[in-house]
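Colleague: Let us go through this model together. I will ask, you reason from the atoms.

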Amino acid sequence: MLTAGMDVGGTNFRVGVFDGCDIVWEKRFEADFSRLCSTRSALEAESAIVATMASALSEACHEYPEIRAIGIGFPGFIDPETMRVASSPNLPGLVDVDFAKPLSSRFHVPVIVENDALSAAYGEQVFSEWKSLIYVGLGTGVGGGLILEKKPYQGSHGVAMEIGHIIVEPGGRKCGCGNSGCLERYASASGVTLSYHEREGKTLSSKEIAILAQKGDASALQSFDLAGSMLGFALSHILKVVDVTDVVIGGGLSESWGLLEKSFGKRLESDLIPVLRGKCVVRVSDSKDKAGMLGAARLAGNQI
Ligand SMILES: [Zn+2]
């Protein structure tokens, strides 16, 4: 059975067509939905996002008309009952949006919408066959997904594992969720950019800062150290609540894991309770960033 999965990110999204776990078609589309939502009315942004998604999915469905279900991994709080996007800290203005219905009407197949990080977590589980795992997506923000006994855990309100909004620095940097000091203001690509800006007064991308860090630039190294330490702090507490062995790190910033790893490991080990020290296996995803698409596609396929 062929299924399609979409992974929506901050500045682009990708669509994959899967035959089981095997990807048979993949394409990346540039689309800055964050900017769209900041510059247009909510209604305009909503219809523009639907039109952009539909256009991309048309390409996939044209190539593979036998696609039977479509899954969308979307960065936001998804109501587990209705699959509507309740809101999205990184896409301001979107409130209670139904993306599934217009796309399902257009393509005449079941369409599901799930949180992007939970979709990626499910994709990692399908790839790995681990029964339970935590997925941490380090992208523009920080997302989290929990799989318990092979099942995605959404929580009663669809916000389980919104780890990017754990407050790691009370009164700290303002966050799109409305609070201050959230993890994703420190341990994401944008968090690293902010840390470097605080030190040097210059706005560089996390990739540019990573290059400087590799050359030994002190401010760049400190920006990554802070990101790793904050992530270790948050994860040490998450693991005390949700005692699983496997943690998978994905997302664009995971490419710079070598720069985060040391401060992360040090903080994680010091803040874990002794009984858990040395027992959690943290690894960088080897799915080549396809887990989000695969997870969304498989969740959609499960509906049939
Ligand atoms: Zn927040």
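**Metal site, strands and a helix**

Colleague: Which arrangement do the four donor atoms around the zinc ion make, and why?

Modeller: This is a predicted model. The four donor atoms subtend angles of 103 to 123° at the zinc ion. Four donors count as tetrahedral if all angles lie between 85 and 135 degrees. The angles fit, so the arrangement is tetrahedral.

Colleague: Which residues coordinate the zinc ion?

Modeller: The spacing of the donors along the chain is H-x9-C-x1-C-x4-C. Coordination is at 2.1 to 2.3 Å. The residues are His165 (ND1), Cys175 (SG), Cys177 (SG) and Cys182 (SG).

Colleague: Is Cys177 buried or partly exposed?

Modeller: Take Cys175 to begin with: at 9% relative accessibility, Cys175 is buried. Buried means under 20%. Cys177 has 31% relative accessibility, so Cys177 is partly exposed.

Colleague: Which residue stands opposite Val111 in S8?

Modeller: Strand S8 covers residues 111-115. Five of its five residues are buried, so S8 is largely enclosed by the rest of the structure. Five bridges join S8 to strand S4 (residues 67-74), and the two run parallel. Opposite Val111 stands Ile70.

Colleague: How far apart are the end C-alpha atoms of helix H7?

Modeller: Helix H7 has 24 residues, 218-241. At 1.5 Å a residue, H7 should span 34 Å. The model agrees, with its end C-alpha atoms apart by 35 Å.

Colleague: Which residue caps the N-terminal end of H7?

Modeller: Look at the backbone nitrogen of Ser219. A side-chain oxygen lies 3.1 Å from that nitrogen. The oxygen belongs to the capping residue, Asp217.

Conventions. Residues are numbered from 1 along each chain as its sequence is written. This is a predicted model: local features need pLDDT of at least 70, side-chain atom pairs count only at pLDDT 80 or more; totals for chains, interfaces and linings use all residues. Side-chain values use heavy atoms; hydrogens and water are left out. Donors are N, O and S atoms within 2.8 Å of the metal (3.2 Å for Na, K and Ca); water is not among the atoms, so sites may look incomplete. Four donors count as tetrahedral if all angles lie between 85 and 135 degrees; four count as square planar and six as octahedral if opposite donors are over 155 degrees apart and all others between 65 and 115; anything else is irregular. Buried means under 20% relative accessible area, exposed over 50%, partly exposed in between (1.4 Å probe, protein chains only). Helices (H or I, at least four residues) and strands (E, at least two) are DSSP runs, numbered from the N terminus. The expected span of a helix is 1.5 Å times one less than its number of residues. A polar contact is a pair of N or O atoms within 3.5 Å; within protein, one must be able to donate a hydrogen and the other to accept it, and residues adjacent in sequence count only if both atoms are side-chain atoms. Two strands pair if DSSP finds at least two bridges between them.
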